[in-house]
Protein chains: 2
Amino acid sequence: MTDRSHAAGKPIRTAISDEDGIDFAIIELLFFAYRDFTSDPDQILADYGFGRAHHRVLHFVNRRPGLTVAELLDVLKITKQSLARVLKQLIDTDHVVQLQGPRDRRQRELYPTAKGRALALALARPQSRRIHAALGDSGITERTLVERFLEAMVNPELRAQIDVGSAKMSGKSHGEH
Amino acid sequence: MTDRSHAAGKPIRTAISDEDGIDFAIIELLFFAYRDFTSDPDQILADYGFGRAHHRVLHFVNRRPGLTVAELLDVLKITKQSLARVLKQLIDTDHVVQLQGPRDRRQRELYPTAKGRALALALARPQSRRIHAALGDSGITERTLVERFLEAMVNPELRAQIDVGSAKMSGKSHGEH
DNA sequence: AGATTATGTCAGTACTATTGACGTAATTTC
DNA sequence: GAAATTACGTCAATAGTACTGACATAATCT
């Protein structure tokens, strides 16, 4: 099994480090940080028979109540078919409700129920605790620094999807002007 | 379809914000940042018929040449069966080679080939560019701040897996003393 | 009336992951 | 030296999340 016949390449024994100025340290840290960050809610979700997809839908429905199916697809960057099953389960279990769009009756505006809001909060709580602990541990007094870095990591053309201050989307939600 | 009969919960129309002091802003930013961060290499991987799992294996084999299968499983937090197919493909395509462990011949030490190293670099390049651009855009002069924050986001008991300075793991690799 | 839009749904597929079971070879323990 | 343990590989079955393509319905726009 260890034979490397048939012209296999020779093993490279030196670790990749900063060749070509690649920032492997932060690349790797992002992997570890995100891995553990998402592991928090995963255990709660398992109790409901839900997965990460449910979490993401629930999160954005709570953050932007009244968003339409099309808007949700755009934020999540998934297809209609992928969303269908997940959204249906959330509606069947009374975490999310659909309302006919007032202006356009074809649209379905999505809203959380009290149950859906409670679950969203329960899922966010351990994640928020982790963030606050991390800010404290790393001695970063200005959380703005982390916010700015993360925002700058997002594709420029997609930054419109973000509402950092949660102020832009208080009254009416989307694309109003 | 918009009937909410059978005792459905009432829609909540106010956006979740900072109730209970939950840090929704950073929670959401982490989602967006990671979504776009991983989208970079995905396109390159598609050309090889590979997925994110291949990328992760390739990354760690390059970062810690000579790690064993068991160590890799521990870092990735997946099962042997999940790794099997992915690793086999990387070996068959001559990106990774296995060598018999010198001390323990049951072990398979994993090393990148020149081909595997080249691919790892190609995958890391756009991610590194994004990170540097983000550090610049956000006006963070000290990259240490971001590193410290991300490291603090990782579960304390798992921080041993990280080698930030890529200095800890130069000569001998893993689990010494 | 006809085209377009928003949504839902069906069929088929792919990738990544899971658990459980079993086999083999090497090492360790007694 | 025999027995137990360890490291790895593999087979079978299953689940969650995603994909493409196609089609249907209702509402709106032209």
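These questions and answers cover a predicted model, with a focus on DNA strand D and the relation between chains A and B.

Q: How many residues surround DNA strand D?
A: Both chains take part: R56(A) and T79(A) are among the closest, as are K80(B), Q98(B) and R106(B). By class, the surface near the strand has 4 nonpolar, 9 polar and 11 charged residues. The number surrounding DNA strand D is 24.

Q: Which helix supplies the largest share of the surface near DNA strand D?
A: Helix 3 (69-76) and helix 4 (80-92) of chain B each supply at least two residues. Helix 4 (80-92) and helix 2 (52-63) of chain A do so too. The largest share is 4 residues, and it comes from helix 2 of chain A.

Q: Which residue has a backbone N or O atom 2.7 Å from a phosphate oxygen of DNA strand D?
A: Sugar and phosphate account for 61% of the strand D atoms that come within 4 Å of the protein. S82(A) uses an N or O atom in its side chain, 2.8 Å from a phosphate oxygen. V69(B) has a backbone N or O atom 3.5 Å from a phosphate oxygen. At 2.7 Å, the backbone atom belongs to T79(A).

Q: What relation links chain B to chain A?
A: Two copies of a chain are related by a rotation about an axis and a shift along it. Here the rotation is 180° and the shift 0.0 Å, with an RMSD of 0.1 Å. That is therefore the relation of a two-fold axis.

Q: Which residue of chain B has the C-alpha nearest the axis?
A: Chain B superposes on chain A by a rotation of 180°. The nearest C-alpha in chain B lies 3.5 Å from the axis. That C-alpha is the one of V146(B).

How values were computed. Residues numbered from 1 in each chain as written. Chains lettered and ligands numbered in written order. Predicted model: local features only at pLDDT ≥ 70, side-chain atom pairs only at ≥ 80, totals over all residues. Heavy atoms only, no water. Near = heavy atom within 4 Å. Polar contact = N/O pair within 3.5 Å; in protein donor to acceptor, adjacent residues only side chain to side chain. Nonpolar A, V, L, I, M, F, W, Y, C, P; charged D, E, K, R; others polar. Least-squares fit on C-alpha atoms with pLDDT ≥ 70 in both.
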